[in-house]
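I opened the notebook to record what I looked up, one entry per topic. The entries follow the order in which I went through the model.

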Amino acid sequence: MEALILTILLTSVPLIFAATGELVAERSGVLNLGVEGMMLMGAVSAFAATSVLGSPYVGVFAGAVAGAVTAVVFALFALGLATNQVATGLALTIFGSGLSGLVGAPFVGRTVDGLPVFAIPFLADIPVLGNLLFKHDIMAYMSVAFLVIVALFLNRTRAGLVLRAVGNNHDSAHALGYPVLLVRFYAVSFGGMMAGLGGAYLPLVLTPHWSEGMTAGRGWIALALVVFASWIPSRILAGALLFGGITIMQLAGQARGWTIPSQMLSMMPYIATILVLVIIARNRRFALINSPACLGRIYMQNK
Amino acid sequence: MISMTPRKDISLYRTFLTPLVAILLTLVIGAAIFDFLGFNPLESLYHFFVAPISRYDGIGDLFVKACPLIITATGLVFCYRANVWNIGAEGQLVLGAIFAGGVALAFPDWPAITLMPAMILASVIGGICWAMIPALLKVRFNTNEILVSLMLTYVAALFIDWLVRGPWRDPMSFGFPLTKMYTDAALIHRIEVPFIGMLGQLHWGVVGALMLSLVGAFLLSRTILGYKVRVMGDAPRAGRFAGFNPNLITIGVMAIAGGAAGLAGMIEVSASMGQLQPNVSFGYGFTAIIVAFLARLNPVGVIFAGLIVALAELGGDNAQIVLGMPKVVTGVFKGILLFMLLAGETYNRYQIEWRRVGPQSALREQ
């Protein structure tokens, strides 16, 4: 049982990273559908850096940088050239999947030593809870820390207020003298860095190897998680654990020899995503009260 | 700082020029990436874009590769024109293949004259069914069609995997995940061109694809349905004032896209595979999105765009064999191409200038 909960926690870490980053981007009014591509670039860079330089910590850094750089490509087009955000995000996912496969080709079949577990002194000695919560790798702590920081940033700081203002009404924000595009650029880059970290977690902790398209739709599930969380950071944690739970339940079911075909079990995270989207969308006020009013709308300076 | 001024009208030559420039820029950037990764850029480009069509059969294969792309993209054009973001054509394609395959396997003794229409109908229904899930959920509950249609793509892939490994597996297949071979009546045959003979794998489905995109062009530009689709996409408020029902249009365009994708799935299996297998589509549903944009959302343009993108796909196969590059490398080209096309669209609509930011520019704005 304890092992099961532990794996659920680990499975939800990449989702927490990616969804938290995307939430910040969306709160600034930018819909970046390229999460899957950014995660893949983060994953391959993290694996390659770890494999070549031998340190998983360098891998974490490389994943973050790769994700951010990929996001900057998106920003150049979607913000700089005011292209359609949906199509640009798709382009980023296609591009990221292709480039990560090309870069990662020499690394297929290799393995690396993943991130070591770092037990927090004293806290890790608490019975049961210590094992579950305080004996993880450094990235697992980071994911929660980032979530808390983002929640505080958005709701308790002036900069967070500006970011939300830009996302809710870019024309008013511009009239007040805020640099709309610059704020969005930072938000998108941060989102990319987080997606890169989420991607890096896959080869560094979950499965210590690289394979093409290893994110298997996690980027898209992260996008759905933002809707699930109705753009409130704290709800991402619940959502990510829920999805992690569903994913692991499927694996556990297979291990216990449930008579349901494995493919049907593998469908569960995707079907659950659809169901969750329906349940959230049914209650319009709940779904839309925090949704950024300018989400996906094009803003042009000096128009 | 970039400043953009809307152009008053878009000249015709820009409409044709921008896709060409986009392709050219894609090649240059692609070559640069190859160079950076240690491949010889010119040699790579040659194996990608010249070698595959340097023989007669290559041209036939090009059309074969373009066939599912042209059919699927023609349907997607309707969606994107109406601002409905169906990106799950891949799943709809798989469902079409499954439905048609079910008919082919259930009635092995039917002659082609009844079996073929039944399979076509089944594939269209299959694609429409899968597309109706995101469409109806969007209309009824206002869910996001992007995410729902995409999630269903994963479900469809797992579903066909289960079918060909489980209930539909041929007991004589020695454990391979394959269904029984289709009977001859369920297959789409190759075309014998007069004087030349077989042109690679060129088959009758290609003719169907070309006709379909012409029908699509007619529907979009000459019928009231097409008019409504265009109005809802360009000016939804005006459309609502005119009394057009946005929900019906959403359902309609999703049905067109789903049906087309389903048909593409059936043709792909009947012409190239002859039986169902776990992978009936190699990302055609996603690639068709790029085809639709390269065609500037015009059904006739889809034919040319389909051929161009098909060349990149063939090139990817060739580069895999000759240069040992992974298959996904075409994704790099496809992604860059889509970026360039979108940038070109901005360039078409706006006059772009680089302006120094500073007091001067502030003054000029006054």
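**Entry 1: two helices in chain A**

I looked up helix H6 (residues 138-156) of chain A and helix H7 (residues 158-168) of chain A, whose axes come within 5 Å and cross at roughly 75°. An angle of 65 to 115 degrees counts as roughly perpendicular, so H6(A) is roughly perpendicular to H7(A). I note that this is a predicted model.

Next I asked which residues of H6(A) meet H7(A). From H6(A) I listed Phe153(A), Leu154(A), Asn155(A) and Arg156(A). Across from them, in H7(A), I listed Ala159(A), Gly160(A), Leu163(A) and Arg164(A). Sorted by class, the residues of this contact are four nonpolar, two polar and two charged.

**Entry 2: helix H10 of chain A**

Is helix H10 (residues 218-228) of chain A largely enclosed or not? I found that 11 of its 11 residues are buried, so H10(A) is largely enclosed by the rest of the structure. The cut-off for buried is 20 or more other C-beta atoms within 10 Å. Among the buried residues I wrote down Arg218(A), Gly219(A), Trp220(A) and Phe228(A).

I then looked for what surrounds them. The buried residues of H10(A) pack against helix H1 (2-27), helix H2 (35-53), helix H9 (180-206), helix H11 (233-255) and helix H12 (262-282) of chain A. H6 of chain B is also on the list of elements they pack against.

**Entry 3: two residues with positive phi**

Most residues other than glycine have a negative phi. I therefore looked up two residues that go the other way, Ser230(A) with a positive phi of about 45° and Asn83(B) with a positive phi of about 60°.

Ser230(A) comes just after H10(A), in the loop between H10 and H11 of chain A. Ser230(A) has 16 C-beta neighbours inside 10 Å, so I entered Ser230(A) as partly exposed.

Asn83(B) lies in the loop between helix H3 (56-81) and helix H4 (89-106) of chain B. Its count is 17 C-beta neighbours inside 10 Å, and therefore Asn83(B) is partly exposed.

**Entry 4: a hairpin in chain B**

I turned to strand S2 (residues 190-193) and strand S3 (residues 197-203) of chain B, which run antiparallel and are joined by three bridges. I looked up two of the partners. Val193(B) is bridged to Gly197(B) in S3(B), and Glu192(B) is bridged to Met198(B) in S3(B).

How many residues lie between S2(B) and S3(B)? There are three, and the two strands form a hairpin. In the turn I noted Phe195(B), which has a positive phi of about 75°.

**Entry 5: Leu225 of chain B**

I picked Leu225(B), which sits in helix H8 (residues 224-234) of chain B. I counted Leu225(B) as partly exposed because 15 C-beta neighbours lie inside 10 Å.

Leaving out residues up to four places away in sequence, Leu225(B) touches Leu219(B) and Gly252(B). Gly252(B) is 27 residues from Leu225(B) along the chain, and their C-alpha atoms are separated by 8.9 Å.

**Entry 6: the domains of chain B**

Chain B is divided into domain 1 (1-39 + 332-366) and domain 2 (57-324). I recorded 31 Å between the C-alpha centres of domain 1 and domain 2 of chain B. Their contact takes nine residues from domain 1 of chain B and eight residues from domain 2 of chain B.

On the domain 1 side, helix H1 (12-36) and H13 of chain B each supply at least two residues. H13(B) gives the largest share of that side, five residues. By class, the domain 1 side holds seven nonpolar, one polar and one charged.

**Entry 7: where chain B touches chain A**

Last, I looked up the contact between the chains, in which 44 residues of chain B meet 44 residues of chain A. The elements of chain B that each supply at least two residues to this side are strand S1 (2-6), helix H5 (112-141), helix H6 (145-165), helix H11 (284-294) and helix H13 (329-349).

Which element of chain B gives the largest share of the side that touches chain A? I found that H13(B) does, with 13 residues. I closed the entry with the classes on the chain B side, which has 31 nonpolar, nine polar and four charged residues.

Note on methods: Residues are numbered from 1 along each chain as its sequence is written. Chains are lettered from A and ligands numbered from 1 in the order in which they are written. This is a predicted model: local features need pLDDT of at least 70, side-chain atom pairs count only at pLDDT 80 or more; totals for chains, interfaces and linings use all residues. Two residues are in contact if their C-beta atoms, placed from the backbone, lie within 7 Å. Helices (H or I, at least four residues) and strands (E, at least two) are DSSP runs, numbered from the N terminus. Ala, Val, Leu, Ile, Met, Phe, Trp, Tyr, Cys and Pro count as nonpolar, Asp, Glu, Lys and Arg as charged, and the others, Gly among them, as polar. Two strands pair if DSSP finds at least two bridges between them. Axes are lines fitted to C-alpha atoms, for helices over the stretch in contact, and angles run from 0 to 180 degrees between N-to-C directions. Angles under 35 degrees count as roughly parallel, over 145 as roughly antiparallel, 65 to 115 as roughly perpendicular and the rest as oblique. Domain bounds come from an automatic or database domain assignment. A residue is buried if 20 or more other C-beta atoms lie within 10 Å of its own, exposed if 12 or fewer, and partly exposed in between; C-beta atoms are placed from the backbone.
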